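Colleague: Please take me closely through the empty space in this protein, and then through the elements around it. I should like to know which residues surround each space.

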Amino acid sequence: MRIALVTESFLPDVNGVAHSVVRAAEHLVNRGHEPMVIAPQPPPGVRGAVGSLPYPVVRIPSLPMPGYPQIRLGLPTPALTAALRTHGTEVVHLASPFVLGAWGAAAAKALRLPCVAVYQTDVAAYARAYRVGMTEPAAWRWIRTVHNAAARTLAPSTESVAALTTHGVRRVHLWRRGVDDVRFHPRRRSGGIRRALAPRGEVLAGFVGRLAVEKQVELLAGVSRLPGVRLVVVGDGPAAGMLRRALPEAVFLGARHGDQLARIYASLDVFVHTGPYETFGQAVQEAMASGLPVVAPAAGGPRDLVQDGRTGHLVPPYRSEGFTDAVAGLAADPDRRALFGAAGRVAIEGRSWAAVGDELIGHYEAALAGSLVTA
């Protein structure tokens, strides 16, 4: 099949949407399909940072989003429809559609092409957190309009499925994310990293992710002050400066990638994720693959991933006390950390990107078959 992946975010961006699109496109190439990515043009200073890819990438003119300039909004242009025609697209994949995805849905409708929409960003929560000129009800109206134009919507967690259905989105299917369980593995644990980060044998509690307001990393202030615990923050983003001031005891490592990131994960003792708006929680899954017990909010995607009392702890969202108490308990109990970490590693078995990529191809085939029946 010829698949056009229309995405709101792509390389060199570092986030869940961009990463999922890269892995989906890679899998399509590996299975003999012909993907094309359509994405917003990145800022001028980073346009050459992507490198060569085994599939075409069409860049659409873009502007920074008001209130969150790190996100680029693709502009309406005939180039999108022209790209679909030139590519000979058979199915359009809308990755976390909102602005460029809406133009992609319109172009697909004009060309009578079926769409599969992948819900990955809680846009309504972002509208509330960033006050970007759109109310939460208005955001849901737009989400409903865009997703109901698709043959099917794929949601990454049971909570996302329920939210979409409640707000009137039809034809919703559960499609989880994969994890690289070879790269993220307990054997990556590094004595050198531990000596550098915990010179006095501290328990290492870590957060990995984009440093942005909605992640609420400042809730880890209590964790950063626990005796015998060192808080490690991996990532970058618009809230980095604020968080360095709010968490002066923490170690900030900036953005890390690839095998280096995998070694950092495996060298931690506890993984802590604070964001209450995650539709899935890819960092949680990578931590589990690395053999770590996880402390996460009882909200959104982590509720599907973390088994409370077996692979980690789910705590009340928005409140620092639960995170502090859970990490303190795990820091004092190495046997429980080991049991939870081992159970987490077992829990992610069978979630490879190849397995979920094949599921995605099945959704494409269903959408294409449905369009042929109604044509």
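Modeller: A cavity is a set of points on a 1 Å grid over the protein atoms alone where a 1.4 Å probe fits but cannot get out, and its lining residues have an atom within 4 Å of a point. Volume is the space filled by probe spheres set on the points, which are joined across faces, edges and corners. The model is predicted, so local features need pLDDT of at least 70 and side-chain atom pairs pLDDT 80 or more, whereas totals for chains, interfaces and linings use all residues. Numbering runs from 1 along each chain as its sequence is written, and side-chain values use heavy atoms, without hydrogens and water.

Searching the whole structure gives 3 cavities of 30 Å³ or more. I begin with the largest cavity, whose volume is about 50 Å³. Its lining is made up of S20, V21, A24, H93, A95, V118, Q120 and W175. At least two of these residues come from helix α1 (16–30), and at least two from strand β6 (91–95). With 3 residues, α1 provides the largest share of this lining. By residue class, the lining has 5 nonpolar and 3 polar members and no charged one; here Ala, Val, Leu, Ile, Met, Phe, Trp, Tyr, Cys and Pro are nonpolar, Asp, Glu, Lys and Arg are charged, and the others, including Gly, are polar.

The second largest cavity takes up about 40 Å³. Around it stand S96, P97, Y119, Q120, T121, V123, I143 and H147. Q120 therefore belongs to the lining of the largest cavity and to that of the second largest cavity. In the second largest cavity the lining is split into 4 nonpolar and 4 polar residues, again with no charged one.

Y119 leads on to an open space. It lines the second largest cavity, and it is also among the residues closest to the centre of the second largest pocket, together with D122, E159, A163 and G300. A pocket is an open set of grid points with protein on both sides within 12 Å along at least five of seven lines. This pocket holds about 220 Å³ of space and is lined by 15 residues. Helices α4 (123–130), α5 (136–148) and α6 (158–166) each contribute at least two residues to that lining. Charged residues do appear in this pocket: its lining has 5 of them, with 7 nonpolar and 3 polar residues.

Finally, strand β6, which supplies residues to the largest cavity, takes part in an open sheet. (Helices, H or I of at least four residues, and strands, E of at least two, are DSSP runs numbered from the N terminus.) The sheet has 7 strands in the order β3-β2-β1-β6-β7-β8-β9, paired in parallel; two strands pair if DSSP finds at least two bridges between them. At its edges are β3 (57–60) and β9 (172–174), and each has a single partner strand, so one side of each has no neighbour in the sheet. Between strand β1 (residues 2–7) and β6 there are 5 bridges, in the parallel sense. T7 is placed opposite A95 in β6, and A95 is one of the residues that line the largest cavity.
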